[in-house]
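Subject: The structure we talked about

Hi,

Here is the structure I promised to pass on. Have a look at it first, and then read my notes below.

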Amino acid sequence: MKTPSLIPFPKEYRAGTGTLVLTGIGSVSVPESLTDAAELFIRNMHIAKTSSGPFISGSLSSDMKKEEYSLSVTEDGISAEAGSAAGFHHALETVRQMSILSGGKIPCCKVSDSPEYGWRGFMLDCCRHFMPVGYIKKLLDAMSLLKLSVFHWHLTDDQGWRIEIKSHPELTEKGSLRKRHTCPERMTERKYYTQEEIRDVVSYASERHIDVVPEIECPGHVSALLTAIPELGCTGGPYEVETRTGIFPDVLCIGNEKVYDVLDDVFREVSQLFPSEFIHIGGDECPHERWDSCPKCRALMKREGLSSPQELQWYFSRRIIEMIIKYGKRPTGWDEIANTYPERTLDSGLVIMLWRGPEVASSVLSSGNDIILARSDDGAYIDYRQTEDEYEPGNLGITTLKDSYSSQLQYDSRGGKGRIIGGQGNLWTEKILFPKSATYMIFPRLAAIAEVYWRGENRDWSDFSDRVKALPLLLAAEELEAGFNIP
Ligand SMILES: [Zn+2]
């Protein structure tokens, strides 16, 4: 029997003889903490519990790492041992992949498996173009099947504020709608997530052992925020929710205390909504020109003895980092946060998301910060075109499937204590209006990224490029179809 085209392919796979056909489940024998994972598997397989038939048995092992599992499939049933409920869920997702790939005749086998990196992520920009909750849930299903662990939800930007904040309803009332839209019929839609919808997404993800990390951009990329509360900008406005893409000069006024009051309200509500350990605070692409001519910003610089706009941004970052820590969370941000004040040792709790070149990685690692890899020049930007074809859709550069599969994982830390805790694929949506267009951009490249951070250096492009041909079949099971670009 042909080895199944599993993605990510397990660390150890040994074929047995015979097949298991699951038309029902005769018995489930698992500890209380694994019940939810077993129930989800039965639901996802569209089968029922029956009076006789194959068994599912599960157990926990304190010798195993959190996401590690071993799995045995025989003609009589499925047994798995795991380090936690997440590991047991992964074991059952391996079985579900085999079932989809084999048309229900699951090959008997033994599998031992565990990921190399804890952060195996996907970022979705829901600001440039809004993506509905129903679509996000389908993506979470696909992420679960590919054993991804983090959904990084980009919720605020120049082109829209997408998260309801009860203490500042103007943020969504004014900040979520724009005057013009590439696709005018979409202008009347509600363009933000209510807190109830966010709780629903978080709970759906949590059931699939996916952590949802929210991103609130500051101090740049804030046109939508300034449109809602103009006094937070250096000039006082008026401002408009952006209909163009790019980097814009109007950013938060660092010298205005009201900025910190509003952000404190926002981060308090965000920290209550998302159980994740992490909150992403943006920090990228912030022009400094407004600060130079702002009396409030200049007064702050004088008072605090800050000599450059970089130091002013670092002052802001420190206050936001302290705010996140106060709410019991760990801050993460784009690599400019490290670059605004590289000579100062960064807070060791801050995790830097590396989106630019390898030089930035070395300087961040040597300062002792943990890193998440998301390099635009190294396979992580899956909004870029997939081929050189002039009619290929996508933004800016080219990220081929092989680029995504070949991401660099080893960096020189120059004696620093920082480490790479994982990586992710980023989908910016400036040029992506609809979910189906998003699906075309996300896959197959996200499958490559899932395997990179699951298997680490132990990966094989020619083997993957053969297995990935079966990806449309796997995704069809999640009702995700979009004419994939499989080379
Ligand atoms: Zn100012």
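Below is what I found in it, one region at a time.

Before you start, keep in mind that this is a predicted model.

**The open sheet**

Let's begin with the sheet that does not close on itself. It is an open sheet of six strands, and if you walk across it you meet them in the order 1-8-6-7-5-3, with mixed pairing. At the edges sit strand 1 and strand 3 (27–29), each of which pairs on one side only. From one strand to the next, the twist averages 15°.

A bit of background helps here: strands of a sheet pair through backbone hydrogen bonds, and they can do so either parallel or antiparallel. So which sense do we find in this sheet? Take strand 6 (residues 69–74) as your guide.

- Strand 6 and strand 7 (residues 77–82) are antiparallel, paired over six bridges. A hairpin of two residues leads from strand 6 to strand 7. If you want a spot to look at, find Ser-72, which stands opposite Ser-79 in strand 7.
- Strand 6 also pairs with strand 8 (residues 105–113), again in the antiparallel sense, over five bridges. Here Ser-70 has Ser-112 of strand 8 as its bridge partner, Ser-72 stands opposite Lys-110, and Val-73 stands opposite Cys-109.
- Strand 8 in turn pairs with strand 1 (residues 12–21), antiparallel over seven bridges. Look for Arg-14, which stands opposite Lys-110 of strand 8.

Now for the two faces of strand 6. In a regular strand the side chains alternate between the two faces of the sheet. Which residues of strand 6 are on the covered face, and which on the uncovered one? Tyr-69, Leu-71 and Val-73 make up the covered face, while Ser-70, Ser-72 and Thr-74 make up the uncovered one.

There is a helix on this sheet, too. Helix 2 (residues 85–101) packs on the sheet and touches strand 5 (55–60), strand 6, strand 7 and strand 8. The direction of helix 2 makes about 40° with that of strand 6.

**One residue to zoom in on**

Try Ile-78, whose place is in strand 7. Is Ile-78 buried or exposed? Count the other C-beta atoms within 10 Å of its own and you get 24; the cut-off for buried is 20 or more, so Ile-78 is buried. Leaving aside its neighbours within four places in sequence, Ile-78 is in contact with Ile-56, Val-73 and Val-95. You have already met Val-73, on the covered face of strand 6. For a sense of scale, pick Gly-305 as well: Ile-78 and Gly-305 are 227 residues apart along the chain, and their C-alpha atoms are separated by 65 Å.

**The barrel**

Next, look for the closed barrel. It has eight strands, running 9-10-13-14-15-16-17-20, with parallel pairing. The twist in the barrel averages 30° from one strand to the next. As an example of the pairing, strand 9 (residues 119–125) and strand 10 (residues 150–154) run parallel and are joined by five bridges. One spot to check is Asp-125, whose bridge partner in strand 10 is His-154.

**Two pairs of helices**

Finally, here are two places where helices pack against each other.

Helix 3 (residues 133–145) packs with helix 5 (residues 195–207) at an angle of about 15°, and their axes are 10 Å apart. Why call them roughly parallel? Angles under 35 degrees count as roughly parallel, and therefore helix 3 and helix 5 fit that description. Helix 3 passes helix 5 in a right-handed crossing. On the helix 3 side the contact is made by Val-133, Ile-136, Lys-137 and Leu-140, and on the helix 5 side by Glu-197, Asp-200, Val-201, Tyr-204 and Ala-205. Sorted by class, the residues of this contact are six nonpolar, three charged and no polar.

The other pair is helix 7 (residues 257–273) and helix 10 (residues 309–326), which pack at an angle of about 30° with their axes 10 Å apart. Their crossing is right-handed. Helix 7 contributes Tyr-260, Leu-263, Asp-264 and Phe-267 to the contact, and helix 10 contributes Arg-319, Ile-320, Met-323 and Ile-324. That contact has six nonpolar residues, two charged and no polar.

Have fun exploring!

Cheers

Terms used
Residues numbered from 1 in each chain as written. Predicted model: local features only at pLDDT ≥ 70, side-chain atom pairs only at ≥ 80, totals over all residues. Axes fitted to C-alpha atoms, helices over the stretch in contact; angles between N-to-C directions. Helix = DSSP H or I, 4+ residues; strand = E, 2+ residues; numbered from the N terminus. Parallel < 35°, antiparallel > 145°, perpendicular 65-115°, else oblique. Left-handed = near helix turned anticlockwise from the far one by under 90°. Contact = placed C-beta atoms within 7 Å. Nonpolar A, V, L, I, M, F, W, Y, C, P; charged D, E, K, R; others polar. Pairing = 2+ DSSP bridges. Buried ≥ 20, exposed ≤ 12 C-beta atoms within 10 Å, placed from the backbone.
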